[in-house]
Amino acid sequence: MIEINQLTKRYGSVLAVDDLTFCVRPGQVTGFLGPNGAGKTTTMRMLLGLNAPTGGTATINGRPFFAFGTGLRHVGALLDAGDVHRGRTANAHLAALARSNGLPRRRVQEVLETVGLGEAGRRRVGGFSLGMRQRLGIATALLGDPPVLVFDEPINGLDPEGIRWARELFRRLAAEGRTVFVSSHLMSEMEHTADHLVVVGGGRLLADEPLADFAARATTAGVTVRTPDPAVLAEVLRNAGASVLAEGHDALTVTGLTAARINELAFTRRVLVHEVSAHDGTLEDAFMELTAASVRYRASATPARSKDR
Ligand SMILES: Nc1ncnc2c1ncn2[C@@H]1O[C@H](COP(=O)(O)OP(=O)(O)OP(=O)(O)O)[C@@H](O)[C@H]1O
């Protein structure tokens, strides 16, 4: 089990990680979600002993990472897929790690095959695509057959087949009883993969709950109403306390009232409606709503213009 306890990291005036406390349990995939700059990588780096915390602790099965001698047998990690000597072949890269961690040489071919790079072992990493480097990073994490796996944005650069493969791999690793901790800034990557979510924003913990509970936040987001009299119906609905947005010439998006109540109001005011359909909010909507206040890097609404135009 991974235990993060009051973990804090300050870089000058930036509080990258702010008093985080949560656990990552075995036998399930835990998604570590947050917008860019939320503190996910910093947390993972502290867990793996690559950065010293300003305060608090991060332990694996009760011990700090550096207490595990032959690291790869205990914890496998993918932090930065680019962090491989480009002149080396995939075989040479993995063989060196196998040697220094006291692992049998046969593991090299085994993990290359697991990640779909069975034919690419003799190629230099410099010629690999981003997706191939991510697969090599995953192979590196699996080399020691460890019970705890940490992946930072592992889906980056994978094609759709690769994304599906990675999802199935994470689920299989968790089903084998391992602890699988996977970061992403996209809910869409996690909603079919994770059993449990830890959501951070601005370095702080925003949610720590089963995916099913998080999904319950994605309640009905709005109701679409089609009517030949949108202006009249909009007024009726606003007077009943709804928020109403006009969509095109004959449709309204309504929040704050159920579809049944909208139907009743339209009927009693004798406004003709052609369609009333409720639509559920997505998990992405719930995630955006939860993290909206803590987004550190937000694009401006209008494209930047070159001054000399
Ligand atoms: N070495 C560093 N020096 C100074 N500031 C840093 C350093 N590393 C991270 N930060 C800052 O800490 C904050 C958290 O960064 P971090 O990379 O942990 O976020 P993240 O959630 O992994 O984001 P992303 O999804 O973009 O990778 C950011 O504001 C970042 O600029």
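Biologist: Into which domains is the protein chain divided?
Modeller: Happy to start there. This is a predicted model, where local features need pLDDT of at least 70 and side-chain atom pairs count only at pLDDT 80 or more, while totals for chains, interfaces and linings use all residues. Residues are numbered from 1 along each chain as its sequence is written. With bounds from an automatic or database domain assignment, the protein chain splits into domain 1 (2-209) and domain 2 (220-280).

Biologist: What distance separates the centres of domain 1 and domain 2?
Modeller: The centres are taken over C-alpha atoms. Between domain 1 and domain 2 they give 47 Å.

Biologist: Nice! At what angle do helix H3 and helix H4 pack?
Modeller: Helices are DSSP runs (H or I, at least four residues), numbered from the N terminus. Axes are lines fitted to C-alpha atoms over the stretch in contact, and angles run from 0 to 180 degrees between N-to-C directions. For H3 (residues 90-100) and H4 (residues 106-114), the axes lie 9 Å apart and the angle is about 125°.

Biologist: Why is H3 called parallel, antiparallel, perpendicular or oblique to H4?
Modeller: Under 35 degrees counts as roughly parallel, over 145 as roughly antiparallel, 65 to 115 as roughly perpendicular and the rest as oblique. The angle here is about 125°. Therefore H3 is, relative to H4, oblique.

Biologist: And which residues of H3 and H4 make the contact?
Modeller: Contact requires C-beta atoms, placed from the backbone, within 7 Å. H4 contributes Arg107, Val108, Val111 and Leu112, and H3 contributes Ala90, Asn91, Leu94, Ala95 and Ala98.

Technical notes: Helices (H or I, at least four residues) and strands (E, at least two) are DSSP runs, numbered from the N terminus. Two residues are in contact if their C-beta atoms, placed from the backbone, lie within 7 Å.
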